[in-house]
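Trainee: Could we go through this one together? I'd like to see where the labels come from.

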Amino acid sequence: MTAMRDPAHDNLAELLRQFMDESPARATQEDLSAVEQMVESYPAPVPAVRTLSTIKTLMVATAHHRRRRIRIFHSAMAAAAAIIVTVLIAQHGRSPAHRPSVTFASILPAAAWESDNPAADDPDFVYFTSEIRQIEAQMRDLETGDTEIRGKKTLDELELELLAMETEFWKG
Amino acid sequence: MYAGRCYGYFYRLTGDRDLSDELLSELFIRLVEKIGSYKGGAFESWLFKIASNIFHDHLRGKQRRRKLLDARRAELELEPDLNESRLSDDGEERLDKLQVQLGRLDADTRELIMLRFYSELSFKEIAELRSEPLGTALSKLHRGLKKLRELMEG
(Lines give C-alpha, C1' and ligand atoms only; values in the text may rest on other atoms or scores of the structure.)
Protein backbone atom coordinates (compact mmCIF):
# COMPACT_ATOMS: atom_id res chain seq x y z
CA MET A 1 0.00 0.00 0.00
CA THR A 2 1.25 3.46 -0.76
CA ALA A 3 0.75 5.20 2.48
CA MET A 4 -0.15 8.86 2.77
CA ARG A 5 0.45 9.24 -0.93
CA ASP A 6 -1.00 12.30 -2.42
CA PRO A 7 -3.71 11.34 -4.88
CA ALA A 8 -3.39 12.88 -8.33
CA HIS A 9 -6.35 15.16 -7.67
CA ASP A 10 -4.74 16.73 -4.61
CA ASN A 11 -2.03 19.30 -5.15
CA LEU A 12 -1.01 19.30 -1.51
CA ALA A 13 1.54 22.11 -1.54
CA GLU A 14 -0.88 24.45 -3.24
CA LEU A 15 -3.75 23.35 -1.02
CA LEU A 16 -1.81 23.89 2.20
CA ARG A 17 -0.70 27.35 1.09
CA GLN A 18 -4.33 28.34 0.66
CA PHE A 19 -4.83 27.89 4.39
CA MET A 20 -1.38 28.35 5.93
CA ASP A 21 1.69 30.51 5.64
CA GLU A 22 4.71 29.25 3.75
CA SER A 23 6.56 27.92 6.80
CA PRO A 24 3.77 25.85 8.45
CA ALA A 25 2.70 24.59 5.03
CA ARG A 26 6.19 23.27 4.38
CA ALA A 27 6.39 21.82 7.92
CA THR A 28 3.07 20.03 7.42
CA GLN A 29 4.29 18.51 4.18
CA GLU A 30 7.47 17.29 5.88
CA ASP A 31 5.50 15.87 8.81
CA LEU A 32 3.13 14.16 6.41
CA SER A 33 6.00 12.57 4.57
CA ALA A 34 7.72 11.46 7.81
CA VAL A 35 4.52 9.97 9.28
CA GLU A 36 3.87 8.24 5.97
CA GLN A 37 7.17 6.42 6.29
CA MET A 38 6.47 5.54 9.92
CA VAL A 39 3.08 4.12 9.12
CA GLU A 40 4.58 2.08 6.30
CA SER A 41 7.22 0.70 8.60
CA TYR A 42 4.52 -0.44 11.06
CA PRO A 43 2.01 -2.25 8.89
CA ALA A 44 -1.33 -2.95 10.52
CA PRO A 45 -2.34 -6.60 10.88
CA VAL A 46 -4.59 -8.02 8.18
CA PRO A 47 -7.91 -9.69 8.89
CA ALA A 48 -7.77 -13.43 9.47
CA VAL A 49 -8.95 -15.72 6.67
CA ARG A 50 -11.61 -17.07 9.02
CA THR A 51 -12.88 -13.53 9.63
CA LEU A 52 -13.13 -12.85 5.92
CA SER A 53 -14.92 -16.14 5.37
CA THR A 54 -17.42 -15.30 8.12
CA ILE A 55 -17.95 -11.85 6.62
CA LYS A 56 -18.63 -13.35 3.18
CA THR A 57 -21.20 -15.72 4.66
CA LEU A 58 -22.84 -12.83 6.53
CA MET A 59 -22.89 -10.72 3.38
CA VAL A 60 -24.56 -13.50 1.37
CA ALA A 61 -27.14 -14.00 4.12
CA THR A 62 -27.76 -10.26 4.39
CA ALA A 63 -28.12 -9.93 0.62
CA HIS A 64 -30.57 -12.84 0.58
CA HIS A 65 -32.54 -11.31 3.46
CA ARG A 66 -32.54 -7.93 1.69
CA ARG A 67 -33.83 -9.44 -1.56
CA ARG A 68 -36.53 -11.28 0.40
CA ARG A 69 -37.57 -8.03 2.11
CA ILE A 70 -37.73 -6.29 -1.26
CA ARG A 71 -39.83 -9.15 -2.69
CA ILE A 72 -42.21 -8.97 0.28
CA PHE A 73 -42.46 -5.22 -0.12
CA HIS A 74 -43.23 -5.54 -3.84
CA SER A 75 -45.83 -8.24 -3.15
CA ALA A 76 -47.45 -6.06 -0.50
CA MET A 77 -47.54 -3.11 -2.90
CA ALA A 78 -49.06 -5.25 -5.64
CA ALA A 79 -51.70 -6.57 -3.22
CA ALA A 80 -52.51 -3.01 -2.07
CA ALA A 81 -52.83 -1.87 -5.69
CA ALA A 82 -55.12 -4.80 -6.47
CA ILE A 83 -57.33 -3.97 -3.47
CA ILE A 84 -57.55 -0.31 -4.50
CA VAL A 85 -58.46 -1.25 -8.09
CA THR A 86 -61.09 -3.73 -6.85
CA VAL A 87 -62.65 -1.12 -4.55
CA LEU A 88 -62.70 1.46 -7.36
CA ILE A 89 -64.31 -0.99 -9.78
CA ALA A 90 -66.88 -2.00 -7.17
CA GLN A 91 -67.79 1.63 -6.51
CA HIS A 92 -67.99 2.49 -10.19
CA GLY A 93 -70.20 -0.50 -11.00
CA ARG A 94 -72.87 0.18 -8.36
CA SER A 95 -76.56 0.51 -9.33
CA PRO A 96 -77.89 4.09 -9.81
CA ALA A 97 -79.78 3.84 -6.53
CA HIS A 98 -76.49 3.43 -4.63
CA ARG A 99 -74.61 6.11 -6.49
CA PRO A 100 -73.97 9.23 -4.50
CA SER A 101 -76.22 12.17 -5.32
CA VAL A 102 -74.63 14.73 -7.61
CA THR A 103 -75.24 18.41 -7.08
CA PHE A 104 -75.43 20.65 -10.12
CA ALA A 105 -74.86 24.36 -10.12
CA SER A 106 -77.97 26.37 -11.03
CA ILE A 107 -77.81 28.85 -13.92
CA LEU A 108 -80.83 30.68 -12.50
CA PRO A 109 -80.48 32.93 -9.45
CA ALA A 110 -81.63 31.38 -6.22
CA ALA A 111 -84.10 34.27 -5.71
CA ALA A 112 -86.01 33.18 -8.80
CA TRP A 113 -86.50 29.67 -7.39
CA GLU A 114 -87.35 30.89 -3.93
CA SER A 115 -89.88 33.50 -5.07
CA ASP A 116 -93.62 32.70 -5.05
CA ASN A 117 -94.15 34.98 -8.04
CA PRO A 118 -91.05 35.07 -10.23
CA ALA A 119 -92.79 37.11 -12.92
CA ALA A 120 -93.14 39.98 -10.42
CA ASP A 121 -89.89 39.58 -8.45
CA ASP A 122 -87.36 39.12 -11.23
CA PRO A 123 -86.67 42.25 -13.36
CA ASP A 124 -85.97 40.17 -16.46
CA PHE A 125 -89.20 38.28 -16.06
CA VAL A 126 -91.08 41.56 -15.63
CA TYR A 127 -89.57 42.88 -18.88
CA PHE A 128 -90.36 39.74 -20.86
CA THR A 129 -93.83 39.52 -19.40
CA SER A 130 -94.56 43.08 -20.54
CA GLU A 131 -93.26 42.25 -24.03
CA ILE A 132 -95.53 39.22 -24.16
CA ARG A 133 -98.46 41.30 -23.00
CA GLN A 134 -97.73 43.84 -25.76
CA ILE A 135 -97.58 41.11 -28.41
CA GLU A 136 -100.81 39.69 -27.06
CA ALA A 137 -102.41 43.14 -27.39
CA GLN A 138 -101.17 43.44 -30.96
CA MET A 139 -102.56 40.02 -31.74
CA ARG A 140 -105.90 41.09 -30.31
CA ASP A 141 -105.81 44.25 -32.48
CA LEU A 142 -105.15 42.13 -35.55
CA GLU A 143 -108.10 39.96 -34.70
CA THR A 144 -110.41 42.93 -34.18
CA GLY A 145 -109.23 44.76 -37.39
CA ASP A 146 -107.53 47.60 -35.60
CA THR A 147 -104.25 47.05 -37.47
CA GLU A 148 -104.58 49.80 -39.99
CA ILE A 149 -104.74 52.61 -37.53
CA ARG A 150 -102.02 51.21 -35.30
CA GLY A 151 -99.91 50.07 -38.26
CA LYS A 152 -100.23 53.45 -40.01
CA LYS A 153 -99.27 55.20 -36.86
CA THR A 154 -96.24 52.98 -36.52
CA LEU A 155 -95.19 53.49 -40.11
CA ASP A 156 -95.49 57.28 -39.76
CA GLU A 157 -93.29 57.14 -36.72
CA LEU A 158 -90.68 55.01 -38.55
CA GLU A 159 -90.63 57.41 -41.50
CA LEU A 160 -89.99 60.31 -39.18
CA GLU A 161 -87.18 58.43 -37.46
CA LEU A 162 -85.52 57.55 -40.77
CA LEU A 163 -85.66 61.16 -41.89
CA ALA A 164 -84.11 62.30 -38.65
CA MET A 165 -81.32 59.71 -39.00
CA GLU A 166 -80.61 60.74 -42.60
CA THR A 167 -80.38 64.40 -41.63
CA GLU A 168 -78.02 63.62 -38.77
CA PHE A 169 -75.90 61.43 -41.07
CA TRP A 170 -75.35 64.15 -43.74
CA LYS A 171 -74.64 66.72 -41.08
CA GLY A 172 -71.67 64.54 -40.10
CA MET B 1 -8.47 -5.23 -1.22
CA TYR B 2 -10.93 -3.03 0.65
CA ALA B 3 -11.14 -5.46 3.56
CA GLY B 4 -7.43 -5.03 4.36
CA ARG B 5 -7.60 -1.26 4.25
CA CYS B 6 -10.77 -1.05 6.30
CA TYR B 7 -9.42 -3.54 8.82
CA GLY B 8 -6.22 -1.49 9.12
CA TYR B 9 -8.30 1.65 9.66
CA PHE B 10 -10.34 0.02 12.42
CA TYR B 11 -7.31 -1.58 14.01
CA ARG B 12 -5.33 1.65 14.15
CA LEU B 13 -8.31 3.39 15.73
CA THR B 14 -9.08 0.71 18.32
CA GLY B 15 -5.84 -1.25 18.79
CA ASP B 16 -7.99 -4.37 19.17
CA ARG B 17 -8.07 -7.19 16.63
CA ASP B 18 -11.30 -8.79 17.84
CA LEU B 19 -13.06 -5.48 17.87
CA SER B 20 -11.70 -4.69 14.39
CA ASP B 21 -13.13 -8.01 13.19
CA GLU B 22 -16.54 -7.02 14.56
CA LEU B 23 -16.41 -3.55 13.05
CA LEU B 24 -15.29 -4.93 9.70
CA SER B 25 -18.19 -7.41 9.68
CA GLU B 26 -20.58 -4.61 10.60
CA LEU B 27 -19.16 -2.50 7.77
CA PHE B 28 -19.66 -5.12 5.08
CA ILE B 29 -23.15 -5.97 6.27
CA ARG B 30 -24.07 -2.29 6.14
CA LEU B 31 -22.58 -2.08 2.67
CA VAL B 32 -24.92 -4.79 1.45
CA GLU B 33 -27.88 -3.18 3.19
CA LYS B 34 -27.11 0.30 1.91
CA ILE B 35 -25.90 -0.57 -1.57
CA GLY B 36 -29.10 0.97 -2.96
CA SER B 37 -28.11 4.37 -1.56
CA TYR B 38 -24.77 4.38 -3.41
CA LYS B 39 -25.21 7.03 -6.08
CA GLY B 40 -21.95 6.48 -7.91
CA GLY B 41 -18.85 8.62 -7.53
CA ALA B 42 -15.83 7.68 -5.45
CA PHE B 43 -16.54 4.29 -3.92
CA GLU B 44 -13.80 4.78 -1.30
CA SER B 45 -15.48 7.95 -0.14
CA TRP B 46 -18.80 6.15 0.36
CA LEU B 47 -17.12 3.13 1.95
CA PHE B 48 -15.07 5.12 4.44
CA LYS B 49 -18.01 7.37 5.27
CA ILE B 50 -19.85 4.26 6.45
CA ALA B 51 -16.69 2.97 8.19
CA SER B 52 -16.32 6.29 9.99
CA ASN B 53 -19.97 6.22 11.07
CA ILE B 54 -19.55 2.69 12.40
CA PHE B 55 -16.50 3.73 14.39
CA HIS B 56 -18.34 6.72 15.87
CA ASP B 57 -21.33 4.53 16.73
CA HIS B 58 -18.92 2.23 18.50
CA LEU B 59 -17.39 5.14 20.41
CA ARG B 60 -20.80 6.36 21.51
CA GLY B 61 -21.75 2.87 22.65
CA LYS B 62 -18.46 2.57 24.52
CA GLN B 63 -19.09 5.87 26.28
CA ARG B 64 -22.57 4.72 27.28
CA ARG B 65 -21.18 1.44 28.59
CA ARG B 66 -18.45 3.26 30.50
CA LYS B 67 -20.98 5.58 32.10
CA LEU B 68 -23.11 2.61 33.13
CA LEU B 69 -20.05 0.86 34.50
CA ASP B 70 -18.91 3.95 36.42
CA ALA B 71 -22.38 4.36 37.87
CA ARG B 72 -22.36 0.71 38.92
CA ARG B 73 -18.91 1.08 40.47
CA ALA B 74 -20.04 4.16 42.35
CA GLU B 75 -23.02 2.21 43.68
CA LEU B 76 -20.73 -0.57 44.86
CA GLU B 77 -18.11 1.97 46.05
CA LEU B 78 -15.33 0.26 44.10
CA GLU B 79 -12.09 1.79 42.84
CA PRO B 80 -11.89 2.53 39.08
CA ASP B 81 -10.45 -0.32 37.03
CA LEU B 82 -7.11 0.96 35.80
CA ASN B 83 -6.59 -2.01 33.52
CA GLU B 84 -9.70 -1.33 31.55
CA SER B 85 -8.07 0.70 28.81
CA ARG B 86 -6.62 -1.33 26.02
CA LEU B 87 -3.79 1.15 25.78
CA SER B 88 -2.75 0.69 29.40
CA ASP B 89 0.88 0.07 30.40
CA ASP B 90 0.12 -3.63 30.51
CA GLY B 91 -1.40 -3.62 27.06
CA GLU B 92 1.36 -1.70 25.40
CA GLU B 93 3.52 -4.81 25.19
CA ARG B 94 1.09 -6.33 22.73
CA LEU B 95 0.93 -3.24 20.53
CA ASP B 96 3.48 -1.79 18.15
CA LYS B 97 5.04 1.58 18.79
CA LEU B 98 2.85 3.34 16.25
CA GLN B 99 -0.30 2.00 17.90
CA VAL B 100 0.85 3.15 21.32
CA GLN B 101 1.67 6.65 20.11
CA LEU B 102 -1.54 6.89 18.09
CA GLY B 103 -3.35 6.14 21.34
CA ARG B 104 -1.89 9.34 22.77
CA LEU B 105 -3.59 11.46 20.15
CA ASP B 106 -7.17 12.50 20.60
CA ALA B 107 -9.66 10.22 18.84
CA ASP B 108 -10.67 12.83 16.26
CA THR B 109 -7.12 13.60 15.11
CA ARG B 110 -6.21 9.92 15.14
CA GLU B 111 -9.17 9.19 12.90
CA LEU B 112 -8.31 12.03 10.54
CA ILE B 113 -4.74 10.77 10.04
CA MET B 114 -5.79 7.15 9.61
CA LEU B 115 -8.58 8.12 7.25
CA ARG B 116 -6.04 9.86 5.07
CA PHE B 117 -3.72 6.88 5.17
CA TYR B 118 -6.17 4.01 4.63
CA SER B 119 -8.86 5.60 2.49
CA GLU B 120 -6.35 7.28 0.17
CA LEU B 121 -8.90 10.03 -0.36
CA SER B 122 -7.93 13.62 -1.07
CA PHE B 123 -8.12 16.14 1.76
CA LYS B 124 -11.11 17.76 0.11
CA GLU B 125 -12.94 14.44 0.06
CA ILE B 126 -11.95 13.73 3.65
CA ALA B 127 -13.22 17.14 4.78
CA GLU B 128 -16.51 16.49 2.97
CA LEU B 129 -16.76 13.02 4.47
CA ARG B 130 -16.28 14.46 7.96
CA SER B 131 -18.64 17.35 7.24
CA GLU B 132 -16.10 19.95 8.29
CA PRO B 133 -14.41 22.83 6.46
CA LEU B 134 -11.22 21.97 4.57
CA GLY B 135 -9.23 24.55 6.52
CA THR B 136 -10.29 22.97 9.83
CA ALA B 137 -9.34 19.48 8.64
CA LEU B 138 -5.93 20.67 7.43
CA SER B 139 -5.29 22.57 10.64
CA LYS B 140 -6.10 19.48 12.75
CA LEU B 141 -3.91 17.38 10.49
CA HIS B 142 -1.03 19.82 10.83
CA ARG B 143 -1.16 19.68 14.64
CA GLY B 144 -1.77 15.91 14.73
CA LEU B 145 1.09 15.01 12.40
CA LYS B 146 3.48 17.25 14.31
CA LYS B 147 2.53 15.64 17.61
CA LEU B 148 2.66 12.09 16.24
CA ARG B 149 6.06 12.70 14.70
CA GLU B 150 7.36 14.08 18.00
CA LEU B 151 5.96 11.09 19.88
CA MET B 152 7.43 8.59 17.43
CA GLU B 153 10.84 10.25 17.31
CA GLY B 154 10.96 11.12 20.97
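Mentor: Sure, definition first: angles under 35 degrees count as roughly parallel, over 145 as roughly antiparallel, 65 to 115 as roughly perpendicular, and the rest as oblique. Also, this is a predicted model, where local features need pLDDT of at least 70, side-chain atom pairs count only at pLDDT 80 or more, and totals for chains, interfaces and linings use all residues. Residues are numbered from 1 along each chain as its sequence is written, while chains are lettered from A and ligands numbered from 1 in the order in which they are written.

Trainee: Why are α2(A) and α7(B) called oblique to each other?

Mentor: Helix α2 (residues 22-41) of chain A and helix α7 (residues 134-153) of chain B pack at about 50°, with axes 9 Å apart. Axes are lines fitted to C-alpha atoms, for helices over the stretch in contact, and angles run from 0 to 180 degrees between N-to-C directions. That angle fits none of the named ranges, so α2(A) and α7(B) are oblique.

Trainee: What is the handedness of the crossing of α2(A) and α7(B)?

Mentor: Left-handed; the term applies if the near helix is turned anticlockwise from the far one by less than a right angle, and clockwise would be right-handed.

Trainee: Which residues in α2(A) and α7(B) meet?

Mentor: Among them are A:Leu32, A:Val35 and A:Met38 in α2(A), and B:Leu145, B:Leu148 and B:Met152 in α7(B). Contact here requires C-beta atoms, placed from the backbone, within 7 Å. The residues of this contact divide into eight nonpolar, two polar and three charged.

Trainee: And how many residues does the contact take from chain A and from chain B?

Mentor: 31 from chain A and 30 from chain B. By class, the chain B side has 14 nonpolar, six polar and 10 charged residues.

Trainee: What makes α3(A) a helix that lies largely in the open?

Mentor: A residue is buried if 20 or more other C-beta atoms lie within 10 Å of its own, exposed if 12 or fewer, and partly exposed in between, with C-beta atoms placed from the backbone. Of the 44 residues of α3(A), zero are buried, so this helix lies largely in the open.

Trainee: How do you know that the end-to-end span of α3(A) agrees with what it should be?

Mentor: The expected span is 1.5 Å times one less than the number of residues. For the 44 residues of α3(A), residues 49-92, that gives 64 Å, and the end C-alpha atoms are 64 Å apart, so the two agree.

Trainee: What share of each chain counts as buried?

Mentor: In chain A, 5% of 172 residues; in chain B, 31% of 154.

Key. Helices (H or I, at least four residues) and strands (E, at least two) are DSSP runs, numbered from the N terminus. Two residues are in contact if their C-beta atoms, placed from the backbone, lie within 7 Å. Ala, Val, Leu, Ile, Met, Phe, Trp, Tyr, Cys and Pro count as nonpolar, Asp, Glu, Lys and Arg as charged, and the others, Gly among them, as polar.
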